[in-house]
Amino acid sequence: MFWRGDPTTGAQAPTNANWPKNGALLKGTQQEINGEQWLEVFEIKNAGRSAFESVPEGTWMQYDQGGLLLHRV
């Protein structure tokens, strides 16, 4: 998995460091853009980590890409 850029501007993701692995938890704001669900991500907690970490502004994830990527918890 890798971070997505801003779907509202087309800007690339600011980084692909600390990208979400299977079992990661993400915090952010859900938005519908052009009929698709997106999460503007603010924090990540990868599996095995004890705390959430901030991600750079402009970090996004799609909810679906030919199959569900994100699950609400």
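## Contacts of Leu39

In this predicted model, Leu39 touches residues from several parts of the chain. Once its neighbours within four places in sequence are set aside, Leu39 is in contact with Leu26, Gly28, Thr29 and Gln30, and also with Thr59, Trp60, Met61, Tyr63 and Leu70.

## The nonpolar core

Leu39 also belongs to the largest nonpolar core, which has eight residues in all. The other members are Trp3, Val41, Ile44, Val55, Met61, Tyr63 and Leu70. Strand S2, which covers residues 36–45, supplies the largest share of this core, namely three residues.

Met61, Tyr63 and Leu70 thus appear twice in this account: they are members of the core, and they are among the contacts of Leu39.

## The largest pocket

The largest pocket of the model has a volume of about 550 Å³. Its lining consists of 21 residues, and those nearest the centre of the pocket are Ala24, Leu25, Leu26, Leu70 and His71. Of these, Leu70 is also a member of the largest nonpolar core, while Leu26 is one of the contacts of Leu39.

Strand S1, made up of residues 25–33, gives the most to this lining, with five residues. Sorted by class, the lining holds 13 nonpolar residues, five polar residues and three charged residues.

## The loop between S2 and S3

Ala47 is found in the loop that joins S2 and S3. Is Ala47 buried or exposed? Ala47 is classed as exposed because its relative accessible area is 53%, and the cut-off for that class is over 50%. Apart from neighbours within four places in sequence, Ala47 is in contact with Asn22, Gly23 and Ala24. One of these, Ala24, is also among the residues nearest the centre of the largest pocket. Between the C-alpha atoms of Ala47 and Glu32 there is a separation of 27 Å, and these two residues are 15 residues apart along the chain.

Arg49 lies in the loop between S2 and strand S3, the latter covering 53–54. With a relative accessible area of 48%, Arg49 is partly exposed. The C-alpha atoms of Arg49 and Thr29 are separated by 22 Å, and the two residues are 20 residues apart along the chain.

## Confidence in the model

For the protein, the mean pLDDT is 88, and 97% of its residues reach 70 or more. Among the elements of the protein, S3 has the highest mean pLDDT, at 95. The lowest mean, 92, belongs to strand S4, which spans residues 60–62. Where pLDDT is low, predicted coordinates should not be read in detail.

Note on methods:
Residues are numbered from 1 along each chain as its sequence is written. This is a predicted model: local features need pLDDT of at least 70, side-chain atom pairs count only at pLDDT 80 or more; totals for chains, interfaces and linings use all residues. Side-chain values use heavy atoms; hydrogens and water are left out. On a 1 Å grid over the protein atoms alone, a cavity is a set of points where a 1.4 Å probe fits but cannot get out, and a pocket is an open set with protein on both sides within 12 Å along at least five of seven lines; lining residues have an atom within 4 Å of a point. Grid points are joined across faces, edges and corners, and a volume is the space filled by probe spheres set on the points. Helices (H or I, at least four residues) and strands (E, at least two) are DSSP runs, numbered from the N terminus. Ala, Val, Leu, Ile, Met, Phe, Trp, Tyr, Cys and Pro count as nonpolar, Asp, Glu, Lys and Arg as charged, and the others, Gly among them, as polar. A nonpolar core is a set of buried Ala, Val, Leu, Ile, Met, Phe, Trp, Tyr and Cys residues joined through side-chain atoms within 4.5 Å. Buried means under 20% relative accessible area, exposed over 50%, partly exposed in between (1.4 Å probe, protein chains only). Contact means heavy atoms within 4.5 Å. pLDDT is the predictor's confidence in each residue, from 0 to 100.
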